[in-house]
Amino acid sequence: MTPEVLKTVIILSCMIGVLNAMQVSTPTPRINTTAGGNVTLQCNFQTSAALTNLFIQWQFTDSRLQHNSVYAYINGKGSTSPKYEGRVFASAPNSATINITNMQPSDSGTYVCEVMNVPDIEGTTQASILVSVLAPPSKPYCAAHGTEERGNLITLTCSSNMGLPSPLYTWSKLENGVEKVPNGIMDTTSGSLKISNLSMVEFGLYQCNASNILGSATCTVELTHGEMSGAIVGGIFGAILIAIIIVIVVCVVKSKKMKRKNINENKTAKELNAVPGKDESTRYKSGSSEEAAPMNAAVENQAEPHILEIKSDDETQSLHNSEKAEA
């Protein structure tokens, strides 16, 4: 065999090998289903080798890029991961297609089918299917952000944890049960409503409606007059302050009264302690006077006769002198 013929045979052999390589495909790269429904994930393969070494594997990747095994077939045996136990039905080895029952929103993501069959390990060995489990929006959560006072900016937010397709959000102002278009800038994708320069007109009850093709859900939030709340709070603090002042005044007055009472009691006690000594002195003085009185009286009584006698001598002398003069 000439070198040219040998070269041609090698090229043909390589071409035949490529033609006989593994070929994996799916006719449905995108599937939509509803919560609680069933899906069929079709995965077809072509191989030139016997199926004695067939390997099939299904993997799932969710929106958070977390990977989970769904189903595997190796050495003639199939196995299902615990998360999908009782929900996955396969038809291996004749086909790599699987059926999954009772689909839930958490099952939304990308499913990858991988098939290898030694010696056919080259070629296209994988096919992917994007599965969307449609569900109505869950009950949204409404909230108000900002100080609810006139002139301020208020942002109302609304969001649902579940819902596919992603829900759209619309806001309305409820007046006597009637929905009216609110003032402000509304974002139907994010669910926000921005109200600038808040006035008396904007106070009231607001409703958010989250909806998609499968249903809708609502929530409400109320904007109340912030100044009224401030007045109430101010009144409460004022009452508390007045009560504290009253308590302080009462305590001070009581303290002063107690202090004055103690001073008076101490003064009275001192006076009472001083009275017994004063009485004894008085008694002593009065006793001395009483004792001295008889003595004075006696002296006076003794002096009076002497004076009388003197007066008698004078009178006698006077009479004697007058007699001499007459003689």
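A nonpolar core is a set of buried Ala, Val, Leu, Ile, Met, Phe, Trp, Tyr and Cys residues joined through side-chain atoms within 4.5 Å. The views below come from a predicted model.

**View 1. The largest nonpolar core of the chain has 27 residues.** Six members touch the most others: L41, W58, V70, I100, Y111 and V115. Strands β1 (22–25), β3 (39–41), β5 (54–61) and β6 (67–74) each give two or more residues to this core. So much is also true of β9 (98–100), β10 (109–117) and β12 (126–134). A second core is separate and holds 16 residues. Among them are F203, A210, V221 and L223.

**View 2. Contacts of Y111, set apart from its neighbours within four places in sequence.** Y111 is in contact with L41, W58, V70 and I100, among others. The contact list also includes Q59, F60, Y84 and M103. A127, S128, I129 and V131 are on it too.

**View 3. A nonpolar patch on the surface includes I240.** The patch is formed by I236, I240, I244, I248 and V252. Together these residues have about 440 Å² of accessible area. I240 sits in helix α2, which spans residues 226–326. Its relative accessible area is 44%, so I240 counts as partly exposed.

**View 4. Two cis peptide bonds precede P93 and P165.** Most peptide bonds are trans. The bond from A92 to P93 is cis, with omega near 10 degrees. P93 is placed in the loop between β8 (88–90) and β9. The bond from L164 to P165 is also cis, and omega there is near 0 degrees. P165 is found in the loop between β14 (154–159) and β15 (168–175).

**View 5. Positive phi values at L65 and N176.** Most residues other than glycine have a negative phi. For L65, phi is near 65 degrees. L65 belongs to the loop between β5 and β6. This leucine has a relative accessible area of 64%, so L65 is exposed. For N176, phi is near 55 degrees. N176 lies in the loop between β15 and β16 (178–180). Its relative accessible area is 85%, so N176 is exposed.

**View 6. The protein chain as context for the close-ups, with two helices and 20 strands.** The chain has 327 residues, and 26% of them count as buried. Among contacts with a separation of 6 or more, 58% join residues 24 or more positions apart. The chain exposes about 21,700 Å². Carbon and sulfur atoms supply 58% of that area.

Methods. Residues numbered from 1 in each chain as written. Predicted model: local features only at pLDDT ≥ 70, side-chain atom pairs only at ≥ 80, totals over all residues. Heavy atoms only, no water. Patch = residues over 30% accessible without salt bridge, like charges linked within 9 Å, V, L, I, M, F, W, Y side chains within 5 Å. Areas by Shrake-Rupley, 256 points an atom, 1.4 Å probe, with all protein chains shown as cover. Salt bridge = Lys/Arg side-chain N within 4 Å of Asp/Glu carboxyl O. Helix = DSSP H or I, 4+ residues; strand = E, 2+ residues; numbered from the N terminus. Buried < 20%, exposed > 50% of the residue type's maximum accessible area, 1.4 Å probe, protein only. Contact = heavy atoms within 4.5 Å.
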